[in-house]
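Work through the exercises below with the coordinates open. Try each task before reading its solution.

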Amino acid sequence: MPVILALAGIMLIAYGWPQRHIYYQTYRFDTGQAHTLRRYPPAMRAYGEEAWDRMATARAAGYFHRAAAVDTLDMDAWLGLAYVTAARGDLDRARRILAYVADLSGHTSRWQRTTALLAHELDMEGIFRRSVNFMLRRGLKRTDTLNLVDVHYGDTARSLDALDADNHPAYLAWLLPWDRAADARRVWARMAAAGPPDEEITLKYLHYLISKKDIQRAQAIWQTASGITGMTNGGFEQPRLTGKPQPSEHRQNRHRDQEQNDDLDDHSKPISRI
């Protein structure tokens, strides 16, 4: 029994000692420690990133490849390998790696931004569209994502074609602070042609138009959306967009009865003598 316990202790130390470096991230980044930690993907990724920071692309590729070989589902290792491979000029292999990552992680939020950035650099249009639409639909880094879309396409019409219809309101909302009035009109026209836009983005666009003193355009949109003639609703008789009366039938009847009573009171009063 003592011998068994001693062997178990030795094995535990042999396993736990490398884990201590990984847990506390106390890497020396030398070849000796790299050889000791070669079976641990997190350590190999850390060594790959350190080599990549030093622009030692061949060494970085080796570490990332080692991490991916030990754990074939380590998406961070595959993405690191794709970046390094692209930097070394092997674009076809980098595209194959990214396609593999996109296929496995297409429904996972964690790697979408990195995937979209690399797809932008490698000109992989299908993967880029899928990733940016995924992020916008989930509300992930919406401003950064739309900045990337704008840089990638450089044209509002192309961006509209790439974005799914349910992401057009987010695109319009992104354009307004940049004061891109012509682009905003184009996006609004596409949205309106597909059906009545939702109330939130409609009101946001109306406020923008009014702030720019584009009253005629704002009035036309308001009347189409609400059915209300004019730009004001001072008595709050109408809801914001539906155009249907808000007061309940009871309140309307009470108001009508009060008017009738007032008329009867006027007729029942005796005519005063002069």
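Three exercises follow, on a predicted model.

**Exercise 1. Describe the chain as a whole.**

Solution. Start with secondary structure: the chain has 15 helices and 0 strands. Next, take burial. Of the 274 residues, 36% are buried. Then turn to the surface. About 17200 Å² is exposed, and carbon and sulfur atoms supply 54% of it. Last, check the contacts with a separation of 6 or more: 41% of them join residues 24 or more positions apart.

**Exercise 2. Decide how the axes of helices H5 and H7 are oriented, and list the residues that meet.**

Solution. First locate the helices. H5 covers residues 75-87 and H7 covers residues 112-122. Their axes come within 11 Å and cross at roughly 20°. Angles under 35 degrees count as roughly parallel, so H5 is roughly parallel to H7. The crossing is left-handed. Now list the contact. H5 contributes Leu-79, Ala-82, Tyr-83 and Ala-86. H7 contributes Thr-114, Thr-115, Leu-117, Leu-118, Glu-121 and Leu-122. Sort these residues by class: 7 are nonpolar, 2 polar and 1 charged.

**Exercise 3. Is Thr-202 buried or exposed? Which residues does Thr-202 touch, leaving out those up to four places away in sequence?**

Solution. Place the residue first: Thr-202 lies in helix H13, residues 199-211. Its relative accessible area is 1%. Buried means under 20%, so Thr-202 is buried. Now go to the neighbours. With residues up to four places away in sequence not counted, Thr-202 touches Trp-188, Pro-197, Ile-221 and Ala-225.

Technical notes
Residues are numbered from 1 along each chain as its sequence is written. This is a predicted model: local features need pLDDT of at least 70, side-chain atom pairs count only at pLDDT 80 or more; totals for chains, interfaces and linings use all residues. Side-chain values use heavy atoms; hydrogens and water are left out. Helices (H or I, at least four residues) and strands (E, at least two) are DSSP runs, numbered from the N terminus. Buried means under 20% relative accessible area, exposed over 50%, partly exposed in between (1.4 Å probe, protein chains only). Contact means heavy atoms within 4.5 Å. Accessible areas come from the Shrake-Rupley method with a 1.4 Å probe; for residues, only the protein chains shown count as cover. Axes are lines fitted to C-alpha atoms, for helices over the stretch in contact, and angles run from 0 to 180 degrees between N-to-C directions. Angles under 35 degrees count as roughly parallel, over 145 as roughly antiparallel, 65 to 115 as roughly perpendicular and the rest as oblique. A crossing is left-handed if the near helix is turned anticlockwise from the far one by less than a right angle, and right-handed if clockwise. Ala, Val, Leu, Ile, Met, Phe, Trp, Tyr, Cys and Pro count as nonpolar, Asp, Glu, Lys and Arg as charged, and the others, Gly among them, as polar.
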